[in-house]
Number of protein chains: 2
Amino acid sequence: MKATLMYGAGDVRVENVPDPTIVRPTDAIVRTVRACVCGSDLHPYHSMAHTDHPKPMGHELLGVVEEVGAAVTSLRPGDLVIAPFAWQDNTCVFCQEGVQTSCLHGGFYGTPEVGGLQAEFARIPQADGSLVVVPDVDETSDLLPSLLTLSDVYLTGYHAAHMGRVSAGKTVTVIGDGAVGLSAVLAARQLGAERIILMGRHTARTDLGVEWGATDVVAERGEEGIARVMDLTGGEGSHIVLEAVGHMPAYEQAYGIVRPGGVISRVGVPQYEKAPIGFGSLFGKNATLTGGPAPVRAYMEPAIQQVLNGEIDPGRVFDRAVGIDEVAGAYAAMDKREALKVMLTF
Amino acid sequence: MKATLMYGAGDVRVENVPDPTIVRPTDAIVRTVRACVCGSDLHPYHSMAHTDHPKPMGHELLGVVEEVGAAVTSLRPGDLVIAPFAWQDNTCVFCQEGVQTSCLHGGFYGTPEVGGLQAEFARIPQADGSLVVVPDVDETSDLLPSLLTLSDVYLTGYHAAHMGRVSAGKTVTVIGDGAVGLSAVLAARQLGAERIILMGRHTARTDLGVEWGATDVVAERGEEGIARVMDLTGGEGSHIVLEAVGHMPAYEQAYGIVRPGGVISRVGVPQYEKAPIGFGSLFGKNATLTGGPAPVRAYMEPAIQQVLNGEIDPGRVFDRAVGIDEVAGAYAAMDKREALKVMLTF
């Protein structure tokens, strides 16, 4: 089958690799219908050292079950399924507590053992916990893009809003106009936020954010951006800040604009380990810092219903679709910001 | 009047200074009945550079109203009052949101303008918001020590537990066996925690922690301490960690033992600005970091009732009482850990 491999920064290739097979009785094999490139894939695309042992790429997938292991009980060949971006048993103590990304028996795609999901087929470990069936939808549905976003991007935005405890009457600021930031706008609106300030400078993107509920757009960054948000909030700051970038300047903006007693919720994978959290940044104003890799499995069923009902249309983050042979161009287009998010069709 | 002044590390003196007077119509003058030395007073006691402009010390006070400004409506001379460790109007938007330590018109004691509370008299700004009357108690009551703790130490421990969202069924670990840590144990028990692990190595202190509800005591620190807590929690970690120290090793322990999806709540004033918060510390396991200077005003009335009803006895953190002339010895005794917390009587 064809699969996407990264050999180093800027070097993404499609190669023929062996088809995956059932390794454990809890596995399933899925034929990919849709996959996509994630903003987080761009981090290694910028920084990965060259290697002769390339990294299998991709962790977002909508597909059809081909084969299940002997221990799989909830899936049948032919089921249309969404794969959350991490795999999990969905039964361990941490899964029960809603932190499926920390599943005791789970893990992340993109290892030599499990492979990546930007490929024609995938082996899904812990398939009963790691695949969610979409009822009454087939491969020709117009809803496939929106369903695909439940694999990661929309529900990552949702996780930010959920952990930030967004509710009616709160002012929410979203930092970042990438696909996750825009998803966070949509999710914040779903959770009742009326005032949503979107910090971003790409008009085509912030326009979608406005359609999804952003009430203000702030193009300025750094100290200017902080001053603008403080001005918009009457000098008080934002109750909730959803940080959907992962770089230090975004975090610095976050603690600059969060209100006393407010919450910063991060879902951009931090490209730093140490950062300010002392009296002058978080502690002095009783700001809460939360967030992490989204346990999208926890939010999946109601979100599927919202897509099927037409209540949300998160698939609009995809502004380009290509076949797997063109995946290198998809990475390049997202890296140059020519594309917001690229879908792979199979 | 006599007041406590710090001239530099290790140099605390009692000196005669002018009696405070009403400066603004919202002020009150209070005659001190009880005050005390705070663990946070020991930070400058260790590190403050020598100065000829000494810092007035103290921010915890139980006293009797002597005089009120023309705009003060809720207080009368003779009222027995508790002063929260920060002053506030208790009406601004942040006060209404329960973050009185960020009051738009508030501030902290210990400045040349406002003075400190380890003194015979005090000028209390924004007196209507900054003093809470204790009904039906006089200066001879046995409850004075417990009431004094509501000025800071007990309600700071309570703030940690409240922000950590302690509730029934949660495992809570308290880092630090100082007066705030022990108060956090007592507060966690009040909020329903059944399993409370207290990390501390001073048996006289941890014994009080056990009386107040700690179910396990861990004397080990650092990696050993982390391993011990992980072992006690079946390898899962603690739902909630209350960090009542403020030094980096305590924070490192906190993220080492917090469970995926758990909360670290800090009330020890951080003696650092930057610290790990990336994938390897907080983000990867969706840990939440919260806490800050306790808005004790928000918690005052129900806590006064609990003291008056005999439900809590937080005054047991005081293991020594001296007059103001001996305040230098009080600092020294706490610094050497000969005393847990010293009360000043007037």
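# Notebook: helix α8(A), the interface and some loops

**Entry 1: helix α8 of chain A.** I started with the face of α8(A) turned away from its buried side, and there I found the exposed residues Glu223(A), Glu224(A) and Asp231(A). I call a residue buried if 20 or more other C-beta atoms lie within 10 Å of its own, exposed if 12 or fewer do, and partly exposed in between, with C-beta atoms placed from the backbone. Helices (H or I, at least four residues) and strands (E, at least two) are DSSP runs, numbered from the N terminus.

A note on the source before I go on. This is a predicted model, where local features need pLDDT of at least 70 and side-chain atom pairs count only at pLDDT 80 or more, while totals for chains, interfaces and linings use all residues. Residues are numbered from 1 along each chain as its sequence is written, and chains are lettered from A and ligands numbered from 1 in the order in which they are written.

Back to the helix, which spans residues 222-232: its buried residues are Gly225(A), Ile226(A) and Val229(A). They sit on the same side of α8(A) because they cover an arc of only 100 degrees around the axis (the arc of the directions from the helix axis to the C-beta atoms). That fits the textbook picture: an α-helix has 3.6 residues a turn, so residues three or four places apart point the same way.

What covers the buried residues of α8(A)? I listed β11 (171-175), β12 (195-199), β13 (216-218), β14 (238-243) and α9 (248-257) of chain A among the elements that do. After the helix comes Gly234(A), with a positive phi near 60 degrees.

**Entry 2: strand β11 of chain A.** Having met β11(A) as a cover for α8(A), I checked its own burial. Five of its five residues are buried. Thr171(A), Thr173(A) and Ile175(A) lie on one side, Val172(A) and Val174(A) on the other, and both faces are covered. In a regular strand the side chains alternate between the two faces of the sheet. β11(A) runs parallel to β12(A), joined by five bridges; two strands pair if DSSP finds at least two bridges between them. Within that pair, Val172(A) stands opposite Ile196(A).

**Entry 3: the domains of chain A.** The assignment gives domain 1 (2-152 + 295-345) and domain 2 (158-291); such bounds come from an automatic or database domain assignment. The centres of the two domains, taken over C-alpha atoms, are 27 Å apart. Eleven residues of domain 1 of chain A are in contact with 13 of domain 2 of chain A, contact meaning C-beta atoms, placed from the backbone, within 7 Å.

**Entry 4: where chain A touches chain B.** How many residues of each chain are in contact? I found 33 residues of chain A against 33 of chain B. The elements of chain A that give two or more residues to this side are α2 (93-96), β15 (258-266), β16 (274-276) and β17 (288-291), and β17(A) gives the most, with four. By class, this side of chain A has 14 nonpolar, 13 polar and six charged residues. Nonpolar here means Ala, Val, Leu, Ile, Met, Phe, Trp, Tyr, Cys and Pro, charged means Asp, Glu, Lys and Arg, and the others, Gly among them, count as polar.

I was pleased to see strands pairing across the chains: β16(A) and β16(B) run antiparallel, joined by three bridges. Lys274(A) stands opposite Pro276(B) there.

**Entry 5: an open sheet in chain B.** Three strands make an open antiparallel sheet in the order β2-β1-β4. β2 (11-16) and β4 (55-56) of chain B are at the edges with a single partner strand each, so one side of each lacks a neighbour in the sheet. β1(B) and β2(B) pair over six bridges, with Thr4(B) opposite Val14(B). Helix α11 (residues 327-335) of chain B lies across β1 and β2 of chain B, at about 160 degrees to β2(B). For that angle, axes are lines fitted to C-alpha atoms, for helices over the stretch in contact, and angles run from 0 to 180 degrees between N-to-C directions.

**Entry 6: helix α5 of chain B and two loops.** Is α5(B), residues 153-163, enclosed or open? Eleven of its eleven residues are buried, so it is largely enclosed by the rest of the structure. Its cover includes α4 (144-149), α6 (179-190) and α10 (300-308) of chain B.

Just after α5(B), Arg165(B) has a positive phi of about 55 degrees although it is not a glycine. Arg165(B) is partly exposed, with 14 other C-beta atoms within 10 Å. Gln126(B) also has a positive phi, near 45 degrees, in the loop between β9 (121-124) and α3 (127-130) of chain B. Gln126(B) is buried, with 24 other C-beta atoms within 10 Å.
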